[in-house]
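Thank you for making the time this morning. I would like to take you through one protein chain, going from the whole to a few of its parts, and I ask you to keep the picture in view as I speak.

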Amino acid sequence: MHLNTHVLLVLTLVAACVAIAVKWIRLPYSIALVVAGLMIGVFHLLPEVHMTPEIILMVFLPALLFEASWNLNLHVLKKCYKPVLAFATIGVFISTIVVGYVIHFLAQVDLLIALMFGAMISATDPISVLAFFKKMGIEKRLVTILEGESLLNDGTAVVLFRILMASAIAGGALSPTDILVQFTLVTFGGVGLGIAVGAFASWLTRFFDDHLLEITLTIVSAYGAFVGAEHFHVSGVMAVLVAGIIMGNYGSRTHMSPTTRLAVDSFWEYAAFIAESLVFLLIGLQIEINLLVKYAPQIGVAIIAILAGRFVVIYGLAPFVSTAKYPIPGSWRHLLFWGGLRGSLCMAMALSLPSNFPMRESLMVTTFGVALFTLFVQGLSFEPLVNLLKVSKAKTSDLKYLALNEELKQYRLQLERLQSAKMRKEDYLQEKQSLEHKIAEAEMLVFKLREEDISVADIERIQIERALIQAQRDCLNLLARQDKVSKASLEDFRHRIDEKYEALKRDTMARSTDSADAKAVEDLLVAPDDEASANIETVQGSATDGAIEDGPAVNVALDPSKPSEKS
């Protein structure tokens with residue numbers, strides 16, 4: 001039977017129980033889910049559930065891809081775009097060829113079918129590895145390389161697999177040149193569609209600021225990009241990835257309020273959690289022990305083939321994409337090699353093979369066997385490998401320093417964009433003032449962290465308190481623009497906020513022992529009383545026409561002594 005409401009609810013409950021259990025047992029969540037699914041299947045605790053390619057490709061995959069691309073920091077990706085692109089494009093072709101020829105010679109499989117299997121098994125899915133990396137605080141660039149490669153090679157592997165499958169069905173009618181041309185057209189067609197969807201959705205967000213509407217817009221963008229790409233016979237994976245990257249790095253940063261962005265982030269975090277949980281449970285449910293035993297020799301050959309392919313890709317391409325500024329040391333290469341896990345996308349591609357396709361059962365079971373090997377053997381041995389290689393973890397202060405520099409770049413970029421923005425003079429001055437103070441604060445914190453005058457905990461506290469005060473001011477200005485509060489109330493709140501700001505200034509200056517530092521802090525934390533009050537009074541007298549009420553933003557507590565949960 002397919003997924004129905006009863007089975008779906010039971011699987012969701014199982015996923016919740018597993019999520020609670022892994023808090024106390026040292027087992028990656030994804031692997032624990034596969035074990036739970038395996039137990040359910042072996043003991044027939046649920047009616048038989050079939051994992052169809054439609055469930056994976058049309059329901060779960062767009063959600064997983066969009067959530068990952070939405071959160072993919074484009075500025076961090078720029079630092080490691082060379083290895084990501086090399087591993088996800090050239091690497092997929094190399095892996096396909098190596099795996100295909102190993103399977104062809106060792107398992108006596110037709111070369112075209114073996115190459116198709118190589119493309120199918122080249123899509124990596126290192127969810128458990130990435131979760132471990134983030135938990136251990138491994139350097140962000142290594143995490144981004146592995147995550148970026150996984151996202152992009154999903155698209156390239158699916159495109160190559162479908163072209164080779166069509167060629168195999170047609171009896172090898174496509175030449176290598178035809179395959180390369182089709183691959184280019186389908187891939188870049190998906191990229192183009194993703195750009196169009198992401199840019200259009202980002203443009204739409206400028207006309208309203210409602211978290212429910214914008215969550216709906218992101219859902220339509222994610223699934224619309226995939227369905228549209230399938231309709232036009234281009235890459236749906238690439239379309240969703242590009243749309244998510246554009247909306248996450250541009251649309252959400254320029255046109256969404258912080259509270260709306262938090263709501264969208266929370267929604268997609270939960271959607272990805274549910275999708276990931278159900279996918280790995282379904283993987284466990286699909287396992288048939290007797291078939292794994294039957295095709296054990298083929299599975300063994302395939303494991304050798306994928307390890308050989310991964311070895312050639314990582315150790316062959318890494319020297320060409322490692323630079324003096326952004327090196328890929330030997331320990332990283334070992335982790336990238338061993339971290340190439342396989343997961344649900346490989347299985348979905350195997351299940352999508354036509355029922356009369358040659359060796360269909362063998363290819364499906366082999367794919368499942370390889371995925372299980374990577375999940376259990378490679379996944380469970382990854383933490384000991386990290387400890388053995390003594391891979392350095394980013395220091396908390398280093399992480400904070402990098403985050404502050406990244407924040408500084410974002411503020412400066414926003415300030416540049418503001419110069420060409422079309423808005424009222426009062427709004428322009430208010431936004432400009434806000435950005436200039438954020439830049440000054442970030443510069444001061446970067447300087448002080450470099451000089452180690454204050455601890456990282458102090459910096460975090462100052463940033464949080466400064467952000468709370470800024471949020472309260474933003475909310476006050478919003479109420480003034482919408483003409484919802486009397487002038488007397490605005491003045492009262494403004495004075496209370498400024499008192500809180502002065503207290504923060506005194507506390508920060510007290511921690512600065514050096515006189516130059518104290519002067520810098522004093523210059524930074526001077527509250528713009530006159531200009532701020534002028535802005536509030538001006539916008540109160542001329543509320544914007546057709547203002548849309550931003551519910552979550554208005555809920556920010558204006559009394560600094562009583563910050564709300566939203567703050």
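Let me begin with a question: among contacts in the protein chain between residues at least 6 apart in sequence, what percentage join residues at least 24 apart? The figure is 82%. Please bear in mind throughout that this is a predicted model, and that the values I quote are computed from it.

As for the overall make-up, the protein chain has 25 helices and zero strands, and of its 567 residues 52% are buried. The accessible surface comes to about 25800 Å², with 62% of that belonging to carbon and sulfur atoms.

Let me turn now to helix H8, which covers residues 140–169. With 30 residues at 1.5 Å a residue, H8 should span 44 Å, and its end C-alpha atoms are 43 Å apart, which agrees. There is nevertheless a bend of about 30 degrees in H8, located at Asn153. Because 24 of its 30 residues are buried, H8 is largely enclosed by the rest of the structure. Just after the helix comes Gly171, which takes a positive phi of about 80 degrees.

That brings me to the nonpolar cores. In general, nonpolar side chains in soluble globular proteins tend to be buried together. Here the largest nonpolar core holds 146 residues, and the members that touch the most other members are Phe87, Ile103 and Phe133. Which helix gives the largest share of this core? It is H8, with 13 residues. If we look at Phe133 and set aside residues up to four places away in sequence, its contacts are Ile138, Leu142, Val143, Leu146, Leu335, Phe382 and Val386. Apart from this core lies another, of seven residues, including Leu408, Tyr411, Leu415 and Leu418.

A single residue in helix H5, residues 81–107, also deserves a look, namely Ser95. Is Ser95 buried or exposed? Its relative accessible area is 6%, and since the cut-off for buried is under 20%, Ser95 counts as buried. Leaving out residues up to four places away in sequence, Ser95 touches Gly100, Ser122, Val313 and Arg342.

Helix H2, residues 29–42, can be read in the way we read H8. Its 14 residues should span 20 Å at 1.5 Å a residue, and the end C-alpha atoms are indeed 20 Å apart. Since 10 of those 14 residues are buried, H2 is largely enclosed by the rest of the structure; among the buried ones are Tyr29, Ile31, Leu33 and Gly37.

Following H2, in the loop that leads to helix H3 (53–70), we find His44, whose phi is positive at about 50 degrees although His44 is not a glycine. With a relative accessible area of 66%, His44 is exposed. His233 likewise has a positive phi, near 60 degrees, in a residue other than glycine, and its place is in the loop between helix H10 (211–231) and helix H11 (236–254). His233 counts as exposed, at 66% relative accessibility.

I will finish with the aromatic rings, where the count comes to 13 aromatic pairs. Ring pairs link Phe66, Trp70, Phe267 and Trp268 into a cluster, and with that I am glad to take your questions.

How values were computed:
Residues numbered from 1 in each chain as written. Predicted model: local features only at pLDDT ≥ 70, side-chain atom pairs only at ≥ 80, totals over all residues. Heavy atoms only, no water. Helix = DSSP H or I, 4+ residues; strand = E, 2+ residues; numbered from the N terminus. Buried < 20%, exposed > 50% of the residue type's maximum accessible area, 1.4 Å probe, protein only. Contact = heavy atoms within 4.5 Å. Areas by Shrake-Rupley, 256 points an atom, 1.4 Å probe, with all protein chains shown as cover. Expected span 1.5 Å × (residues − 1). Bend = angle between axes of the 7 residues up to and from the residue. Core = buried A, V, L, I, M, F, W, Y, C linked by side-chain atoms within 4.5 Å. Phe/Tyr/Trp six-rings, centres within 6.5 Å; stacked < 30°, edge-to-face > 60°.
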